[in-house]
Amino acid sequence: MSAEILEKKKTLDLRKKHIGPSCKIFFSHDPIKIVRARGQYMYDEKGQRYLDCINNVAHVGHCHPDVVKAGAEQMELLNTNSRFLHDNLVLYAQRLQATLPNKLSVCYFVNSGSEANDLALRLALQYTGHKDIITLENAYHGHVSSLIDISPYKFHHLSDVEQNQFVHVAPSPDVYRGKYRADHPNPAKAYADDVKDIIGRVHEKGGKIAAFTAESLQSCGGQVIPPPGYFQQVAEHVRQAGGVFIADEVQVGFGRVGTHFWAFQLQGADFVPDIVTMGKPIGNGHPMSCVVTTKEVAEAFALSGMEYFNTFGGNPVSCAIGLAVLDVIVKEDLQGNALRVGQYLTELLEKQKEKHPLIGDVRGRGLFVGMELVKDRLKLTPATAEAQEVIYKLKEQYILLSADGPHRNVLKFKPPLCFTSEDADLVVEKIDHILTGKTCFNCATEPVYSFNLNVCQHLPDHDFQRIRILIKQTSVFSHSGRCLRCS
C-alpha cells in the first residue's frame, strides 16, 4: 500500500507554506517525493526506484526488518525515561562499550548528533575548567548554537557574525588540497604543529585549551582523510595544555570504514580519544545518539552539582533499536561488506581518474569515499558546476549522490552498508557516461567552459539548483563535437 496521501504539488505547496525557508530540499527545481524505502533503494510516489548513495543514516539498509521489529515489539511493551531501571539501557551500553577501547567506558544517551556534540563540549569544559576550543577548517559538528560556533562549514556563511573569541580554527589535514600535501615529508607532524602553534597563541593571550574536536574523517569538509599519526600528535599537544580530545564519529562510525568499527581507529591502536560522539547510523534512522567518555571525565561532570537528565535519551525503544543495529552489522557482516565493496568502488573510481582529467582525486576508506573534480590538476581549480551537473544527471538516471566540500566539488559516496559491487558498477558506469559526454571528440580533453560562478560558489546547503539555469555557459561544444579549445 502506497504511503502517499497528497499529490506531489500539494505536498510541495504545503512545505513552502508551513516549513521554514532555510530548511532546504534536495534537487529543489524538481524535488523527489519519497514514499518508501528498503535496503539501498528509495521509491517515489510513482514506484520509481532510486539507488541511494547518500544515506549514511540508514546504516544497515532502509527499513531493515530486524530493526523495525525490535522497535515495534518494545514499543508495544514500554517506552519511558531512564530514571526507571530497564535492562535495555544497560545491555546496550555494555554492547556499545565492547566495541571501544576499555578507557572509554561511560555512556550518555541523547537523541541526535548535535545533542551529542553539545554535551561533549559541556563535559570538556567542566572537566578541564578551561574555555578555549580548537576546531578544524571546514568542520561541521551540528546545528545548535554551541556547535555553529565550532563549525566553520557553517559560520563562514554568516558574514555579519563574529567568530567566537574562544574558538580557534586549525587547518584541515587535507593532503590533496590543503596546506601540506602528499608530497610533504611529514604532513601529519606539520598539521599537528599548526595546532601546537595555536595553543601557544592562546596561552600568550591568557587563555587555556579545553578541547580539540574533530570529525574522525571530515565529511562535509570534502571526505578528508587525516594522515596517519596526526591525531596522536595533536592529542599530545592538547593534553599537555590541559585539554581533551573529542572524536566526532557521528558520520563515520559503526563499521563504515571497513577495517575498523570506529574511524578514529584508523590512526592506530595507540590513539584513544577522551570523548567520542556518535549519532546518525546508531539507530538506522531512529533519532538516537551517544557520548562515550572516560570515568575521570564523567566523575568531574557529576561534581558540577547539576543532574544530567535527558527525557528521551536511552529510552527502552531506542536501546532496543540500537541493539538490533549492532546485531545486524554482525549477522550480515556489514563491516566486511563495507571493506570489500568500498575497495572495489575505489578501484573503479581510480580507473575513471585515469580516463577523465576532470577527476583530480579519489580518496576514502570503506564505504566513505570522495571523488574530487577539478578543471586543472596542477592548479586544482574546483570543478564546482561540473560536480553539480553530474549529480543532476545521475538523478535523472535514478541514482542519488551528493557533492560537498568547501567548493562543492567533491562527490560523496556514503551509502547504506548493504550497498553491493553491482551497485558500484552501475553508479560508476553512469558517471563514466556523463563524464565521457563532457569530453571533446577532437582533442579528447575536458571541454573549456566559461562560467559565472558568483551563484555557484555560494549555494546554500543542499540547494543544488540546476547549473544550466543558474550559470551562463558559453558554447561548450560546437555541432561537430569540438570544444572551445579546438573550435
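Helices and strands in this text are DSSP runs, of at least four residues (H or I) and at least two residues (E) respectively, and they are numbered from the N terminus. The structure is a predicted model.

**Exercise 1. Asn284 and Cys63**

Task: Determine where Asn284 lies, whether Asn284 is buried or exposed, and what is notable about its backbone. Then treat Cys63 in the same way.

Solution.

Step 1. Asn284 belongs to the loop that links β9 to β10 (289-293).

Step 2. The relative accessible area of Asn284 is 11%. The cut-off for buried is under 20%, so Asn284 is buried.

Step 3. Most residues other than glycine have a negative phi. Asn284, however, has a positive phi, near 55 degrees.

Step 4. Cys63 sits in the loop between β3 (49-52) and α2 (65-77). Its phi is likewise positive, near 50 degrees, although the residue is not a glycine.

Step 5. With 42% relative accessibility, Cys63 is classed as partly exposed.

**Exercise 2. A buried strand and its hairpin**

Task: Establish how many residues of strand β11 are buried, and describe how β11 pairs with β12.

Solution.

Step 1. Strand β11 spans residues 359-365, and six of its seven residues are buried; the strand is therefore largely enclosed by the rest of the structure.

Step 2. Six bridges connect β11 with β12 (residues 368-376), and the two strands are antiparallel. Within this pairing, Arg363 has Gly370 of β12 as its bridge partner.

Step 3. Two residues separate the strands of this hairpin, in which Gly366 adopts a positive phi near 55 degrees.

**Exercise 3. The open sheet**

Task: Give the strand order of the four-stranded open sheet, and explain why one side of each edge strand lacks a neighbour.

Solution.

Step 1. The order is β1-β2-β3-β14, with mixed pairing.

Step 2. The edges are occupied by β1 (34-38) and β14 (399-400); each has a single partner strand, so one side of each has no neighbour in the sheet.

Step 3. The partner of β1 is examined next. Strand β2 (residues 41-44) runs antiparallel to β1 and is joined to it by four bridges. One residue pair in this arrangement is Ala37 with Met42 of β2.

**Exercise 4. The nonpolar cores**

Task: Identify the residues with the most contacts inside the largest nonpolar core, and deduce where this core lies with respect to the two domains.

Solution.

Step 1. The largest core contains 98 residues, and those with the most contacts inside it are Tyr92, Phe212, Tyr230, Phe254, Met278, Leu411 and Phe413.

Step 2. Helix α10 (residues 316-331) supplies nine residues, the largest share of this core.

Step 3. Both domain 1 (24-63 + 333-437) and domain 2 (65-332) contribute residues, so the core lies between them.

Step 4. A separate second core has 21 residues, among them Ala120, Ala124, Ala211 and Val244.

Step 5. For Leu411, contacts beyond four places in sequence include Val369, Gly370, Met371 and Leu373, as well as Leu401, Ser402 and Ala403.

**Exercise 5. Two residues in strands and one in a loop**

Task: Compile the surroundings of Ile134, Thr277 and Lys179, and state which category of accessibility applies to Ile134, Thr277 and Lys179.

Solution.

Step 1. Ile134 is part of strand β5 (residues 132-136) and, at 0% relative accessibility, is buried. Beyond four places in sequence, its contacts include His168, Ala170, Val195, Ile209 and Phe212. Ile209 is 75 residues away along the chain, yet the C-alpha atoms of Ile134 and Ile209 are 7.6 Å apart.

Step 2. Thr277 is located in strand β9 (residues 275-278) and is also buried, at 0% relative accessibility. Among the residues it touches beyond four places in sequence are Ala116, Asn117, Asp248, Glu249 and Cys290.

Step 3. Lys179 lies in the loop between β6 (167-170) and α7 (187-204). Its relative accessibility is 55%, and the cut-off for exposed is over 50%; Lys179 is therefore exposed. Beyond four places in sequence, Lys179 touches Pro171, Asp174, Tyr191 and Asp194.

**Exercise 6. The internal cavity**

Task: State how many cavities of 30 Å³ or more the structure holds, and name residues that line the largest cavity.

Solution.

Step 1. The search of the whole structure yields one such cavity.

Step 2. The largest cavity encloses about 40 Å³ of space.

Step 3. Its lining includes Thr80, Asn81, Ser82, Phe84, His86, Gly314, Asn315 and Pro316.

How values were computed. Residues numbered from 1 in each chain as written. Predicted model: local features only at pLDDT ≥ 70, side-chain atom pairs only at ≥ 80, totals over all residues. Heavy atoms only, no water. Pairing = 2+ DSSP bridges. Core = buried A, V, L, I, M, F, W, Y, C linked by side-chain atoms within 4.5 Å. Buried < 20%, exposed > 50% of the residue type's maximum accessible area, 1.4 Å probe, protein only. Domains from an automatic or database assignment. Contact = heavy atoms within 4.5 Å. 1 Å grid on protein atoms, 1.4 Å probe; cavity = no way out; pocket = protein on both sides within 12 Å on 5 of 7 lines; lining within 4 Å. Points joined across faces, edges and corners; volume = space filled by probe spheres on them.
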